[in-house]
Amino acid sequence: MCGIVGYVGNRPAQDIILGGLRKLEYRGYDSAGMSLLEDGEIQTVRAVGNLDHLEAELESRAGGTATATLVRPATIGIGHTRWATHGRVSVQNAHPLAADESRIHVVVNGIVSNYMELRTQLLQSGCVFATETDAEVIAHLIATNYSDDLADAVIQTLDRLDGYFAFVAMALEEPHVLVGARRECPLVVGRGEEESFLASALPAFLAHTNRIQYIENGEIVVLRAGSVEIRDAAGAPREREIETIEWDEETAEKGGYETFMLKEIHEQTDALAETIADRTASGHSVDLSDSEVFDEDILRGVERVTFIGCGTAYHAGLLGRAAIEAWARLHVEVDVASEYRYRSPILGPGDLVVGISQSGETADTLAAMRLARERGARVIALTNTMGSQATRDSDAVLLTRAGLEVGVAATKTFTAQVAAVFMLALRLAELRETLPAERIAELVAQLRHMPELVEELLERVGPAVEEAAEWCWQAPFFLYIGRQEGVAVALEGALKLKEIAYVSTDAYASGEMKHGPIALLDEQTPVVAVATASPVLSRVVDNIETVQARGAKVIAITTEGDATVAPHVATAIPVPATDPMFQPLLATIPLQLLAYSVARRRGLNVDQPRNLAKTVTVE
Ligand code: G6P
């Protein structure tokens, strides 16, 4: 996701910020910028594309010489790499964002979920907005609250903001101070000799200092060259120990995790929160207007929805089918893009085709989307990558906001896709009036709660997953089973194991087991059953008993509080209880971790599995 770097000290801030941003490149970005304060003036440089473009822009402002640059003597500044989520990829939307005639500058990560409401209020009070971003409201609020103390203005501003974010602010009138704040998104301080650093991740300043202080949730931090004050949300000082970090750069890039995949599995809380938060900010309905998803009349007129995608994205489509059928009572079709593109689908203006692709560049998905468009359907690109080909080859875009995913096997982008198809289903149900408003409100409330449940699950699921991996990791074949939504989870869990552990798997609707796969079972076969709460759970339990009778051992993903599954299985891995439709979002996570643990026990490189590519731009 986006990267933040702030510096105040005694050396040229421009070089330190640019160097810091380069260390955050692994997080992915599409534009970058920095603001430097010197001699009673703040200068800003922003550029679309990679940091070489920003550097070239800095040089051209300085008269084209490679050595003399913009305001090299400036010893305070803030920089940012942006991964577009609200507003196009453009110089205008790149950070830093300014307010009050450039007196206040901010760089922001994450999302302000109530930005629409704040923007309307600020516009009414005369603020002029220069960007399409959600983050700009922070700059204007700080400017509005500012009299002579930036920290006070930030504290007052925080009170007005909902969401998941971290930001750093700089004020023209206080040329020696940076103020940062965080809610959920990370922020960490680096302490040097008469210089202080503030960044969204450690690699940004590890080359300069390894003495760090973590900013905790809800805190603000006031940075000066020789001092750092941490305060709570009310402004009261907080003590924080300075820690010495011994990480090398590679470990730091992975946030201390041993692999990118493990880091990304743990980032699912944030990816979901960012994907869901502002679109459900009302608490009772879904608003997809940020995503250029068609106007209400068009959505109301949809007669059939088709999901197309490849690999993991196809599995998200299966869950989209379940939700739209159940809630919006529409016909739904799902197909893998490589098949769909060579079919002769019957399509017309009542058809809505959703191409799901985290990269937005998968050749088969793009071809299938083009075919659908040619045949008269309206096409939505559901993607994690703003500006990707899919967003250009579609009528509308529904963006997931999972940030860059480095691990080849999709994890956080999958759960974000599932959250997005659920929101689309709820929006359709709302417009088509196929569910009572109270039921929609209840589902929206549960969806908003999912990031917390994911966090809770991630905190405590490890031991049960390891217990399962311990006895099954050497098995040559795994069978995954489930019913209804559980089939999609079984397919996704089996795909993860294939992809990263190179273990042969099959995934089946468990009612079909008796028609073939049961012949594969013996004492050596681990069977992974998705047995979470659902109207068909008792059927799944019957299937598990059938498996047990053949001597195979079962790992079951269950729902907390259920007592019907555990007695029949070798290892039960419970996930928090929710509406059955949301269980797949949780049930997938232990299966990601199980595949991960098996792969690591087999000594494999999970981030870059053999023969696979993250983005498949060829047929
Ligand atoms: C590749 C990746 C998968 C991904 C699939 C579709 O196979 O390894 O993780 O699910 O492509 O990619 P897309 O970018 O279209 O979602």
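Reader: What makes β12 and β13 a pair of strands?

Author: In this predicted model, strand β12 (residues 220–223) and strand β13 (residues 228–231) are joined by 4 bridges and run antiparallel. Two strands pair if there are at least two bridges between them, so with 4 bridges β12 and β13 count as paired. You can find one of these partners yourself: Val221 is matched with Ile230 in β13.

Reader: And what links β12 to β13?

Author: A hairpin does, through 4 residues.

Reader: How do you know that β13 also pairs with β14?

Author: By the same test: at least two bridges are needed, and β13 shares 2 bridges with strand β14 (residues 237–238), in the antiparallel sense. Therefore β13 and β14 qualify as a pair. Here Ile230 stands opposite Arg238 in β14. These two strands form a hairpin as well, with 5 residues between them, and Gly235 in that turn has a positive phi of about 100°.

Reader: Why are β3 and β15 called edge strands?

Author: The open sheet has 8 strands in the order β3-β2-β4-β1-β10-β9-β11-β15, with antiparallel pairing. β3 (41–48) and β15 (243–244) each pair on one side only, so they are its edge strands. Strand β2 (residues 31–38) is joined to β3 by 8 bridges, and Met34 stands opposite Val45 in β3.

Reader: What makes the bond between His95 and Pro96 worth pointing out?

Author: Most peptide bonds are trans. The one joining His95 and Pro96 is cis, with omega about 0°. Pro96 lies in the loop between β4 (76–82) and β5 (97–99).

Reader: And what is there to notice about the phi of Asp100?

Author: Most residues other than glycine have a negative phi. Asp100 is not glycine, yet its phi is positive, near 55°. Look for Asp100 in the loop between β5 and β6 (104–112).

Reader: Let's turn to the ligand. How do you know that Thr362 makes a polar contact with the ligand?

Author: A polar contact is a pair of N or O atoms within 3.5 Å. A polar side-chain atom of Thr362 lies 2.5 Å from an oxygen atom of the ligand, so this pair meets the cut-off. Backbone N or O atoms can be judged in the same way: the one in Thr312 is 3.2 Å from a ligand oxygen, and the one in Ala410 is 3.4 Å from a ligand oxygen. Both pairs therefore count as polar contacts too.

Reader: How much of the ligand does the protein bury?

Author: Taken alone the ligand exposes 390 Å², and the protein buries 91% of that. The space the ligand takes is the second largest pocket.

Reader: Which residues come nearest to the ligand?

Author: There are 13 residues around the ligand, and Ser357, Gln358, Ser359, Thr362 and Ala613 come nearest. By class, this shell has 6 nonpolar, 5 polar and 2 charged residues.

Notes: Residues are numbered from 1 along each chain as its sequence is written. This is a predicted model: local features need pLDDT of at least 70, side-chain atom pairs count only at pLDDT 80 or more; totals for chains, interfaces and linings use all residues. Side-chain values use heavy atoms; hydrogens and water are left out. A residue is near a molecule or strand if one of its heavy atoms lies within 4 Å of it. A polar contact is a pair of N or O atoms within 3.5 Å; within protein, one must be able to donate a hydrogen and the other to accept it, and residues adjacent in sequence count only if both atoms are side-chain atoms. Accessible areas come from the Shrake-Rupley method with a 1.4 Å probe; for residues, only the protein chains shown count as cover. On a 1 Å grid over the protein atoms alone, a cavity is a set of points where a 1.4 Å probe fits but cannot get out, and a pocket is an open set with protein on both sides within 12 Å along at least five of seven lines; lining residues have an atom within 4 Å of a point. A molecule sits in a cavity or pocket if more than half of its atoms lie within 2 Å of its grid points. Ala, Val, Leu, Ile, Met, Phe, Trp, Tyr, Cys and Pro count as nonpolar, Asp, Glu, Lys and Arg as charged, and the others, Gly among them, as polar.
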